[in-house]
Amino acid sequence: MSELVDKVALRDTVQKYLSEAEESLKKPVVDNQDLRDEIKALLKEKDAVLVAHYYTEDAIQELAEETGGVIADSLEMARFGAEHPAKTLVVAGVKFMGETSKILSPEKTVLMPTLEATCSLDIGCPEEEFSKFCDEHPDRTVVVYANTSAAVKARADWVVTSAIALDVVQHLSDQGEKIIWAPDQHLGRYVQSQTGADVLLWDGACIVHEEFKAKGIHDLKAIYPDAAVLVHPESPESVVEIADVVGSTSQLLKASKELPNQTFIVATDRGIFYKMKQASPEKRFVEAPTAGSGATCRSCAHCPWMALNSLELLRNALRDGTGEIFVDEQVRVKGLIPLQRMLDFKASS
């Protein structure tokens with residue numbers, strides 16, 4: 001097949017997964033105190049700790065805080081789990097996060113509320129196609145975003161998060177290395193523009209961040225002229241260009257606390273509002289518009305796969321041992337190399 005047909009096929013695959021996620025979202029949400037109490041008891045009984053991503057629902061984030069777990073980005077989730085003495089990690093997020101935790105903590109049981117929770121970046125970067133792409137450019141260092149499968153990580157030289165991507169690529173560029181970047185083209189293009197590195201981009205995108213529109217943000221700025229615009233670099237270039245702060249989830253959260261503005265227009269998944277409002281209850285946080293005025297969006301500023309996580313499914317995973325993550329040992333050992341390389345780089349920088 002031609003490269004164009006390949007990309008069309010990948011996008012069709014993402015749309016298929018998205019449609020399935022939308023069907024699952026029609027199920028009723030279960031959230032009550034009895035259920036929370038049951039989960040707390042099961043966490044103690046199973047010697048388990050809950051690690052939740054910023055984009056999960058408020059109830060799950062609250063439960064993580066109340067039980068000694070953590071709310072964090074994907075890397076910090078995995079690192080927290082590796083350092084915590086619990087024998088079982090319950091990862092509320094999407095599948096690649098569970099896989100990353102298993103790579104760093106092979107001796108622990110890693111459970112997820114649902115294995116159906118995936119990521120458009122992960123889906124859109126299949127291991128076989130990506131490996132072939134890398135083989136066609138053997139002179140380039142392979143840098144992959146954390147939002148990838150264990151198999152893709154195993155093919156990479158480096159794994160990065162959005163918080164450390166600029167530093168790693170700048171370091172590699174300073175050494176004269178040329179880069180293959182995957183899978184998010186918007187983040188890759190942002191990294192390229194900031195570092196001047198020679199970067200070859202994989203054609204992937206996050207269905208949440210790709211829908212933010214510059215015009216919609218300009219319209220909001222007319223209503224809130226003193227608002228600061230916070231943008232995740234997975235967003236399109238036109239959105240990044242009008243941001244006051246561009247950064248990872250943790251960096252945007254930090255900016256919302258430290259900047260003097262009382263209003264913020266936020267172009268990332270609205271799940272982060274829980275921690276932003278908690279940290280700065282006196283401030284106003286406004287969702288950046290998606291898909292343009294009057295359009296029907298696919299994500300509406302919230303990842304449909306993150307939304308598949310629920311208290312009921314979390315309880316079931318703990319009670320029944322469902323949603324366990326397994327990573328082939330050969331893949332795990334290979335995937336640990338670029339992950340450890342990033343951890344060591346961050347520790348020394």
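How many of the residues of strand β5 are buried? In this predicted model, the answer is 5 of 5, so to speak a full house: β5, residues 141-145, is mostly covered. The side chains split between two directions, with Thr141, Val143 and Tyr145 pointing one way and Val142 and Val144 the other, and all of them are buried.

Now look at what sits beside β5. Strand β7, residues 179-182, pairs with β5 in the parallel sense over 4 bridges, and there valine 142 stands opposite isoleucine 180. Strand β6, residues 158-160, also pairs with β5 in the parallel sense, this time over 3 bridges. Here valine 143 stands opposite tryptophan 158 of β6. To get from β5 to β6, the chain goes through helix α8, residues 150-155, and this β-α-β crossover is right-handed. While you have tryptophan 158 in view, check its ring: arginine 341 lies over the face, at 5.9 Å from the ring centre.

Next, move to strand β1, residues 48-53. All of it is under cover: 6 of the 6 residues are buried, so β1 is largely enclosed by the rest of the structure. Both faces take part, with Ala48, Leu50 and Ala52 buried on one side and Val49, Val51 and His53 buried on the other.

β1 has parallel partners too. Strand β3, residues 88-92, pairs with β1 in the parallel sense over 5 bridges, and the bridge partner of valine 49 in β3 is leucine 89. Strand β2, residues 70-72, runs parallel to β1 and is joined to it by 3 bridges. In that pairing, histidine 53 has alanine 72 as its bridge partner. Between β1 and β2 the chain passes through helix α3, residues 58-66, in a right-handed β-α-β crossover.

The aromatic rings make a good next stop. There are 6 aromatic pairs in the structure. One of them is formed by phenylalanine 264 and phenylalanine 285, a stacked pair with 5.5 Å centre to centre and 15° between the planes. This pair links distant parts of the chain: phenylalanine 264 belongs to strand β11 (residues 263-267) and phenylalanine 285 to strand β12 (residues 284-287), 21 residues apart. Both of these phenylalanines, 264 and 285, are buried.

Phenylalanine 285 also forms a pair with phenylalanine 273, and that one is tilted, at 6.2 Å centre to centre and 45° between the planes. Phenylalanine 273 lies in helix α14 (residues 273-279) and phenylalanine 285 in β12, so this pair ties together parts that are 12 residues apart in sequence. Why does phenylalanine 285 count as buried? Because its relative accessibility is 10%, and the cut-off for buried is under 20%. Phenylalanine 273 is buried as well, with a relative accessible area of 8%. Elsewhere, ring pairs link Phe130, Phe133 and Trp202 into a cluster.

Finally, zoom out to the whole chain. The protein chain has 16 helices and 12 strands, and 54% of its 349 residues count as buried. Of the contacts with a separation of 6 or more, 65% come from residues 24 or more positions apart. On the outside, the chain exposes about 15000 Å², and carbon and sulfur atoms supply 49% of that area.

Notes:
Residues numbered from 1 in each chain as written. Predicted model: local features only at pLDDT ≥ 70, side-chain atom pairs only at ≥ 80, totals over all residues. Heavy atoms only, no water. Buried < 20%, exposed > 50% of the residue type's maximum accessible area, 1.4 Å probe, protein only. Pairing = 2+ DSSP bridges. Right-handed = clockwise from strand over helix to strand, strands pointing away. Phe/Tyr/Trp six-rings, centres within 6.5 Å; stacked < 30°, edge-to-face > 60°. Lys NZ or Arg CZ within 6 Å of the ring centre and 35° of its normal. Contact = heavy atoms within 4.5 Å. Areas by Shrake-Rupley, 256 points an atom, 1.4 Å probe, with all protein chains shown as cover.
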